[in-house]
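Visitor: Hello! I am new to reading protein structures, and I would like a close look at a single part. Could you take me through one slowly?

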Amino acid sequence: MLFCTEMITFALFFKKNIISKDMVAKIQQLLQEIDGLQAASAEEVEALRIKYLSKKGVVNALMADFRAVPVEQKKEVGMKLNELKTAAQAKINTLKEALAGAGDTTADLDLTRTAYPIGLGTRHPLTIVKNEIVDIFSRLGFILAEGPEVEDDWHVYSSMNFAEDHPARDMQDTFFVEAHPDIILRSHTSSVQSRVMESTQPPIRVICPGRVYRNEAISARAHCFFHQVEGLYIDKDVSFTDLKQVLLLFAQEMFGADTRIRLRPSYFPFTEPSAEMDISCNICGGKGCSFCKHTGWVEILGCGMVDPAVLEANGIDSTVYTGYAFGMGIERITNLKYQVKDLRMFSENDTRFLEEFEAAN
């Protein structure tokens, strides 16, 4: 009788040990299974949660079997069960966060960009005016010419008859490239004229638009960079009368048929004689207002006959050919055309300002 009791006790102990080992093996298998779980949608994540963590899920079913584990092994198996439950919950949370991040586009959204719908861009007012200037002179027979903004001293100054001690060469007026004293940012587009003259024999008739740089304090009336358009015409028997007529036609095309011009004596190193050109104020019609300082006239450009020294320096025989040149600031013409009083507005990229020119495109 005693032997039978011992046999039964041993059998129960053996059975419980088998249950414990099976549970631990199953937990290990489930841990590996959970680690590899994937989900492509919120519905799939929810299905996994129900399978593993709901009341009728896999983890709770193991909790029910936990009652059959021997007392001396409950601690070990219980820790494994807790590890399984924690791993399952963490995996479900990770899958949820991954799907939420994939659906949330704000993570990659630049909150400083223009709100939707994004409007179509328009040409900058300076580009509008530059194109109009080039178009006018193209109809007068001028060809477009361009050159580098980083130039050497010869093309910017020496070939244009600037004296060695001319103030324009000073550091307070010109941007020099460090370690290269002869390399500068061009201060006018006359360097393009020089390059054209040294590579082309007359007749020459070119218009040279481009950005230029001068070491000036930035204000409503000045900037360290701005834009110019310069013109050059060289041929036999070119006279000051030809220059005056071309500039009159330009002024009337740009500002209206009633526009009048006047030329005042001036000085430029590369022209002789030289003149400043004014137009009748396009705001008051020449009657006098605050814009033209009650004079009825507004200055727009400088001009003159090309100095023979410039022709010779660039390989053109000054005894055979003559020519004229002129130059104007595009910002200045834009100010007059659209009454923009602050030069800084052209380079601040304020879309509210730029949108005002949509109709001009």
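Which residues line the largest cavity?

Guide: Happy to! Please keep in mind that this is a predicted model. The largest cavity is lined by Met160, Gln193, Met197, Leu232, Phe270, Val306, Val310 and Ala325. The space inside comes to about 40 Å³, and a search of the whole structure finds one cavity of 30 Å³ or more.

Let us use that list as a trail into the strands. Val306 belongs to strand S9, which covers residues 297-306. Nine of the 10 residues of S9 are buried, so the rest of the structure largely encloses this strand. Here a residue counts as buried when its relative accessible area is under 20%. One residue of S9 to look at is Cys303, which is buried because its relative accessibility is 1%.

Now look at what lies beside S9. Strand S8, residues 271-280, is joined to S9 by eight bridges, and the two run antiparallel. To find the pairing on your screen, look for Glu276, which stands opposite Gly302 in S9. While you are on S8, look at Pro273, which sits in this strand. The peptide bond leading from Glu272 to Pro273 is cis, with omega near 0°.

S9 is also joined to strand S10, residues 322-329, by five bridges, again with the strands running antiparallel. Two pairs help you follow the match: Gly304 stands opposite Ala325, and Leu301 stands opposite Met328. You have met Ala325 already, as one of the residues lining the cavity. S10 is largely enclosed by the rest of the structure too, since six of its eight residues are buried.

If you wonder what holds such neighbours together, strands of a sheet pair through backbone hydrogen bonds, either parallel or antiparallel.

S10 has another partner: eight bridges join it to strand S6, and these two strands run antiparallel as well. Strand S6 spans residues 225-235, and its Ile234 has Gly323 in S10 as a bridge partner. Leu232, another residue of the cavity lining, can be found by its number along the chain.

Next, turn to helix H10, residues 330-338. Its buried residues are Ile330, Glu331, Ile333, Thr334, Asn335 and Leu336. What covers them includes strands you have just visited, S6, S8, S9 and S10, along with helix H5 (125-138) and helix H8 (240-255). After H10 comes Gln339, whose phi is positive, near 55°. Farther along, in the loop between H10 and helix H11 (351-354), you will find Asn349. Asn349 also has a positive phi, about 55°, although it is not a glycine. With a relative accessible area of 58%, Asn349 is exposed.

One more strand is worth a stop: S5, residues 204-213, which holds Ile207. Ile207 counts as buried because its relative accessibility is 0%. Leaving aside residues up to four places away in sequence, Ile207 touches several others, including Val134, Phe142, Ala145, Val229 and Phe326. Take Ala145 as an example: Ile207 and Ala145 are 62 residues apart in sequence, yet their C-alpha atoms are 6.0 Å apart in space. Just before S5, in the loop that follows helix H7 (190-199), you can find Pro203. A cis peptide bond joins Pro202 to Pro203, with omega about 5°.

Cysteines come up on this trail as well. Cys208 is buried because its relative accessibility is 0%. A disulfide is a covalent bond between the sulfur atoms of two cysteines. A search of the whole structure finds zero disulfides.

Finally, step back to the whole chain. It has 11 helices and 10 strands, and buried residues make up 39% of its 361 residues. Among contacts between residues at least 6 apart in sequence, 68% join residues at least 24 apart. The pair of Ile207 and Ala145, 62 residues apart in sequence, gives you a place to start exploring this on screen.

Key
Residues are numbered from 1 along each chain as its sequence is written. This is a predicted model: local features need pLDDT of at least 70, side-chain atom pairs count only at pLDDT 80 or more; totals for chains, interfaces and linings use all residues. Side-chain values use heavy atoms; hydrogens and water are left out. Buried means under 20% relative accessible area, exposed over 50%, partly exposed in between (1.4 Å probe, protein chains only). Helices (H or I, at least four residues) and strands (E, at least two) are DSSP runs, numbered from the N terminus. Two strands pair if DSSP finds at least two bridges between them. Contact means heavy atoms within 4.5 Å. A disulfide is a pair of cysteine sulfur atoms within 2.5 Å. On a 1 Å grid over the protein atoms alone, a cavity is a set of points where a 1.4 Å probe fits but cannot get out, and a pocket is an open set with protein on both sides within 12 Å along at least five of seven lines; lining residues have an atom within 4 Å of a point. Grid points are joined across faces, edges and corners, and a volume is the space filled by probe spheres set on the points.
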